Amino acid sequence: MSYLIGHFDKCTGCSICQLACSERTHGGFNPRFGNLDIRMSDDALVHHPFVCHQCENAFCEKVCPASAISRDGESGALVVDREVCVGCGTCADACPINMIRVVGKKAYKCDLCGGEPECVAVCPAGAIELIVKTVNAEVMP
Amino acid sequence: MTSYMGKFLIIDLSRQEASAAVLNPGIQKLLIGGKGVGAKILYDLVPEGCDPLGDENVLVFMTGPLTGTQAPAMRGCVIAKSPLTGTFADSYYGGHFSPEIKYAGYDGIVIRGRASSPVYVWIDDDKVEFRSASHLWGKDTFATNWLIKNELVDKSIKVACIGPGGENLVRFALVSCEYNRQAGRGGMGAVMGSKNLKAIAVRGNHIVRVKDSDTFRKAVHKAYSEMNENTTGAFTLEGTAGSIPFANEIGLLPSRNYYDGTFDKAESIGPEAQRKKLWYRDLACAGCPIRCSKMGKIRSGKFAGTISDAVEYELLGLLGSNLEISDIRAITHLASRCDALGLDGMSAGGVIGFAMEAFEKGLIRPSDADGKELRFGSVEAADYLIDAIAFRKGELGRTLGEGVRQAAGKFGGEAEGFAVHIKGLEYPAWGPRGVPGMALALATADRGGCHQRGFPILAEIEGEWNGKTIEQLGLKHKGEMVAHMQNYLAALDTLVKCDFAQYGIQEDTYREMLAAATGTEFSFEELLALGDRIWNMVKCFNVREGFERKDDTLPRRFMEEPLPSGPCKGHRITGEDLKTLLDDYYRARGWDSDGKPLPETLERLDLVEERVLFKE
């Protein structure tokens, strides 16, 4: 089980992560098309990277009418099977932190790049970190 | 498929109409992007001798061919005829506004005419809306940004706007570009204000693609490693604030309206002071790994609670040492006020320094300034003047809002002797008396007293350039060196590069990124020729506006008064020095002795043929 976390103390707001993700996912550049987001707050005192939590109780997976979202056994990411996806956007609506984009009638979300996330590799400030969990201590007493 | 978007947005504010136009491919090939294409647009569309604050002036927001891609540190520029200098002016800004223009599908936005009442323009890809800005008029730049985002119900929209300074036609008003990155120099905000244009809001849903992704990615990563290996690491650590101890040590840090070149309290305005009293974390512009800016909040004292980005070198010099203000929290407050009210902090610092000297010399009395004592070192006086200028309060605020040159003309007499500007543009925080090459670069900069068109100081201090020995105080090779530096930077300004990133990224890497993104290949010689062509294109605009040799000069202070302290104590740039420097420089440029391009020079640079600008 792996997921990303974003560190607001290190994020510089440069969007290189979004640009790289957009290129990897869609073959070109626009941060809006990256599968992660940077939000500015407190008069720009803070830039906060928002990344998919790869939730254990994933709303996106739960609501998909076509069952197109499932967990990848290897990376632990929730991935969209775009052969099956009908582009209805129900998953995007269900995600409270807006981590799903519908582009050209297909849903796109963070797939952890199969286990080696590009955003982690390109971030110049180390503001995105890949957490690999071996024991789920919090939910399994 | 290239990283150009293939069209421009033409906005006519008088008719409230917007249309798309395609740039003549021949012009794009010849001039590439930001500075070059912007200069051509201005040359063709702005009538000779027009009032910069009249509706005939044209305001252009240019991107570069690599803006919006992952190529590091590509910015945007605002171009118009300057109300401060009457020259061509190009004002560069970082942040996130310029990429958004590309994402909306445009290589640039050309704004003509004048709205009959305040408006803002809302560009949502192909949809362009003219919306009333009467409720925003009078609001500062920060409030305007957030009010527009709230109104359009999307925080991801990118905004460029003016503050009260631009509305009130202060000739050095800035354009505040998403988020709080300033197109500061030359009064682009006043041009926007004269057009009754409060803001431009953009949302783009296009993807910027490059010609050859794999080669492009390699070139980008090469640029990243060059930035890591070269001097950009110092910018990462402390931004340009790190230049304070350096400039003070070599005697170029202005104090008391450039009377001197050293400041005894330099340490208190250096990077350590900001780190201790302001900074929380690093801040970067779009796509830039350097992160030269910092964000922070003042923790204590009168200005506690102020959230601000790092005060960079120019403002530390001009709102700090030049005014003899040494409390970093106060300087942060003053810089932040300039940003909020939409004044170029550099020009504002120059104007305030001038006013303080005028006060001490009795040319301004307390009764002219609501009873205020406008003395050097007074934060209250500087604060008062920023407000008076932005809101054009009283006779003094109205006069100073015209800039140093016009204010000196009005005060008359000895005021001309301490009016520090070139062609009307207030001077940067690099006193030139110990560095004649820098003096030449400033005297010949296309938009007036600007240090960003060529910065020979480092070569003059290091004593070497292009394999030639350079003497710091000597004149030899300096004409040729300045022309070369201006050409190189003009070529990079047409890519709309960042000044700091170019200390790291090597010229071949810029060429590789451009080739991979657009298919346009250049040799290094061709890149320099491109810069030469653009420099001459701009010069043609300025010559048409009546600029000649006598305008390529220095403030009297630097020619008549020797430096009182520092390692270059006793030095000044004499009339004879300037004559030699200009003669060498004009010769290197292929210009006549009056500083005008010779016909064969324009021929060589392919600037003679008539070319239609846009295909509608």
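## A partly exposed aspartate in chain B

B:Asp368 is partly exposed, with a relative accessible area of 30%, and, like everything described here, this value comes from a predicted model. The residue sits in a loop of chain B, where it belongs to the stretch between helix 13 (345-360) and helix 14 (379-390).

Leaving out residues up to four places away in sequence, B:Asp368 touches B:Leu363, B:Tyr384 and B:Leu396. One of these partners, B:Leu396, is 28 residues from B:Asp368 along the sequence, yet the C-alpha atoms of the two are 6.4 Å apart in space.

## Backbone details in the loops of chain B

Two residues of chain B that are not glycine have a positive phi, and they can be read side by side. For B:Arg256 the angle is about 50°, and the residue is placed in the loop that runs between helix 9 (243-249) and helix 10 (271-277). For B:Lys423 phi is near 55°, and its loop joins strand 16 (421-422) to strand 17 (425-426).

Is each of these residues buried or exposed? B:Arg256 is partly exposed, with a relative accessible area of 29%, whereas B:Lys423 has a value of 9% and is buried, because buried means under 20% relative accessible area.

A further backbone detail concerns the peptide bond that leads from B:Glu178 to B:Tyr179, which is cis, with omega near -15°. B:Tyr179 is itself a loop residue, located between strand 10 (175-177) and strand 11 (181-183) of chain B.

## The nonpolar cores

In soluble globular proteins, nonpolar side chains tend to be buried together. In this model the largest nonpolar core has 173 residues, and the members that touch the most others are B:Ile41, B:Phe216 and B:Met513. A second core, separate from that one, has 30 residues, among them B:Leu13, B:Ala89, B:Met188 and B:Val202.

Which residues surround B:Phe216, once neighbours within four places in sequence are set aside? Its contacts in chain B include B:Leu66, B:Val210, B:Met513 and B:Ala517, and it is also in contact with A:Phe29, a residue of chain A.

## Chain A as a whole

Chain A contains 4 helices and 8 strands, and along the sequence these elements follow the order β-α-β-β-α-β-β-α-β-β-α-β. Its C-alpha trace spans about 45 × 40 × 25 Å along the principal axes. A compact globule of 141 residues would have a radius of gyration near 14 Å, and the 15 Å found for chain A agrees with that.

Of the 141 residues in chain A, 50% are buried. Among its contacts with a separation of 6 or more, 58% link residues that are 24 or more positions apart. The accessible surface comes to about 6,700 Å², with 52% of it belonging to carbon and sulfur atoms. Chain A also carries 12 positive and 17 negative charges, and the mean positions of the two groups are 6 Å apart.

## Helix 1 of chain A

Why can helix 1 (residues 16-26) of chain A be called largely enclosed by the rest of the structure? The reason is that 9 of its 11 residues are buried. These buried residues include nonpolar ones such as A:Ile16, A:Leu19 and A:Ala20, but A:Gln18, A:Ser22, A:Glu23 and A:His26 are buried as well. After the helix comes A:Gly27, which has a positive phi near 80°.

Methods:
Residues are numbered from 1 along each chain as its sequence is written. Chains are lettered from A and ligands numbered from 1 in the order in which they are written. This is a predicted model: local features need pLDDT of at least 70, side-chain atom pairs count only at pLDDT 80 or more; totals for chains, interfaces and linings use all residues. Side-chain values use heavy atoms; hydrogens and water are left out. The radius of gyration is taken over C-alpha atoms; the globule rule is 2.2 Å times the number of residues to the power 0.38. Buried means under 20% relative accessible area, exposed over 50%, partly exposed in between (1.4 Å probe, protein chains only). Contact means heavy atoms within 4.5 Å. Accessible areas come from the Shrake-Rupley method with a 1.4 Å probe; for residues, only the protein chains shown count as cover. Lys and Arg count as positive and Asp and Glu as negative; His and the chain ends are not counted. The place of a charge is taken as NZ of Lys, CZ of Arg, CG of Asp or CD of Glu. A nonpolar core is a set of buried Ala, Val, Leu, Ile, Met, Phe, Trp, Tyr and Cys residues joined through side-chain atoms within 4.5 Å.
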